[in-house]
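Q: I have a protein model open in front of me, and I would like to learn how to read it. Could you walk me through it step by step?
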Amino acid sequence: MLRVVSTILLGIALVSADVVLVNDNDGTEGRSICVRTCSGTTVMGDTSWVDYQDPSIGMYTNINMTECEFVAPPNVVTTLNGLGNHWMAKGGSATYSVTPTSFRVYVYTKDATRNTQQAKDLKWSITWMAIGYAC
């Protein structure tokens, strides 16, 4: 009896869900019953920033979304956070190489910081939210 009631309540919750994903990065439409929202942040002061060029005009970091268990590349929104100078950086909201398990963010930093260590000292991090299909 309890299992039947639980199944009915789950069905009602899924039918009345407010989340609708029109399409994902692959152009796949529908399957709103399978939509998942997953979010996270890199650790402030311990984000794995990598110099992009020599001399460095920017840096990047790779974000792992494996725990989200997406089955296709999700739609991802990001923001660059920190204690200072991140307002002068460019690109913190641009995502690259999005897969079901990861993506990359490049940040142009010529006017904002001199190197990855300064970005770590200023506790730069990436906060992200991904919306995609889990089935």
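A: Gladly! Let's begin with an idea we will need for the sheets: two strands pair if DSSP finds at least two bridges between them. Keep in mind too that this is a predicted model.

Q: Then let me try that idea on β2. How many bridges join β2 to β3?
A: Two bridges join them, and the strands run antiparallel. You can find each bridge by its residues: Val50 stands opposite Tyr60 in β3, and Asp51 faces Met59 in β3.

Q: What holds paired strands together in general?
A: Strands of a sheet pair through backbone hydrogen bonds, either parallel or antiparallel. In this model, β3 also pairs with strand β6 (residues 102–108), in the antiparallel sense and over seven bridges. One residue to look for is Ile63, whose bridge partner in β6 is Phe103.

Q: In which order do the strands of that sheet lie?
A: The order is β2-β3-β6-β5, which makes an open sheet of four strands with antiparallel pairing. Its edge strands are β2 (50–51) and β5 (95–96), each of which pairs on one side only.

Q: Is β3 mostly covered or mostly open to the outside?
A: Here we look at relative accessible area: under 20% a residue is called buried. By that rule β3 is mostly covered, with five of its seven residues buried. For the chain as a whole, buried residues make up 31% of the 135 residues.

Q: Which strands make up the sheet that contains β7?
A: That is an open sheet of three strands, in the order β1-β7-β4, and its pairing is antiparallel. The edge strands here are β1 and β4, as each pairs on one side only. On average, neighbouring strands of this sheet are turned by 10° against each other, direction ignored.

Q: Where could I see the pairing of β4 and β7 residue by residue?
A: These two strands pair in the antiparallel sense over seven bridges. A good place to start is Thr79, which stands opposite Thr127 in β7.

Q: Let me step back to the whole chain. How many helices and strands does the chain have?
A: It has two helices and seven strands. Reading from the N terminus on, the elements run α-β-β-β-β-β-β-α-β.

Q: Now for the cysteines. What is a disulfide?
A: A disulfide is a covalent bond between the sulfur atoms of two cysteines. A search of the whole structure finds two disulfides. If you number the bonded cysteines of the chain in sequence order, the pairing is 1-4, 2-3.

Q: Which parts of the chain does the link of Cys34 and Cys135 join?
A: Let's find the bond before we follow the chain. The sulfur atoms of Cys34 and Cys135 are 1.7 Å apart, and with -95° about the S-S bond the link is left-handed. The pair links distant parts of the chain: Cys34 sits in the loop between α1 (2–15) and β1 (35–41), and Cys135 in the segment after β7 (125–133), 101 residues apart.

Q: Are Cys34 and Cys135 buried or exposed?
A: They fall into separate classes. Cys34 counts as buried because its relative accessibility is 9%, whereas Cys135, at 49%, counts as partly exposed.

Q: What about the disulfide of Cys38 and Cys68: how far apart are the sulfur atoms?
A: The sulfur atoms of Cys38 and Cys68 are 2.1 Å apart. This link is left-handed, with -70° about the S-S bond. It too links distant parts of the chain, with Cys38 in strand β1 and Cys68 in the loop between β3 (58–64) and β4 (75–81), 30 residues apart. Cys38 is buried, with a relative accessible area of 16%, and Cys68 is buried at 3%.

Q: How does one look for empty space in a model?
A: Rolling a probe the size of a water molecule over the atoms shows where empty space is left. In this model, the largest pocket has a volume of about 160 Å³.

Q: Which residues line the largest pocket?
A: Among them are Cys38, Asn62, Ile63, Cys68 and Trp128. The elements that give two or more residues to the lining are β1 and β3. Sorted by class, the lining has five nonpolar, six polar and one charged residues.

Notes: Residues are numbered from 1 along each chain as its sequence is written. This is a predicted model: local features need pLDDT of at least 70, side-chain atom pairs count only at pLDDT 80 or more; totals for chains, interfaces and linings use all residues. Side-chain values use heavy atoms; hydrogens and water are left out. A disulfide is a pair of cysteine sulfur atoms within 2.5 Å. Buried means under 20% relative accessible area, exposed over 50%, partly exposed in between (1.4 Å probe, protein chains only). On a 1 Å grid over the protein atoms alone, a cavity is a set of points where a 1.4 Å probe fits but cannot get out, and a pocket is an open set with protein on both sides within 12 Å along at least five of seven lines; lining residues have an atom within 4 Å of a point. Grid points are joined across faces, edges and corners, and a volume is the space filled by probe spheres set on the points. Ala, Val, Leu, Ile, Met, Phe, Trp, Tyr, Cys and Pro count as nonpolar, Asp, Glu, Lys and Arg as charged, and the others, Gly among them, as polar. Axes are lines fitted to C-alpha atoms, for helices over the stretch in contact, and angles run from 0 to 180 degrees between N-to-C directions.
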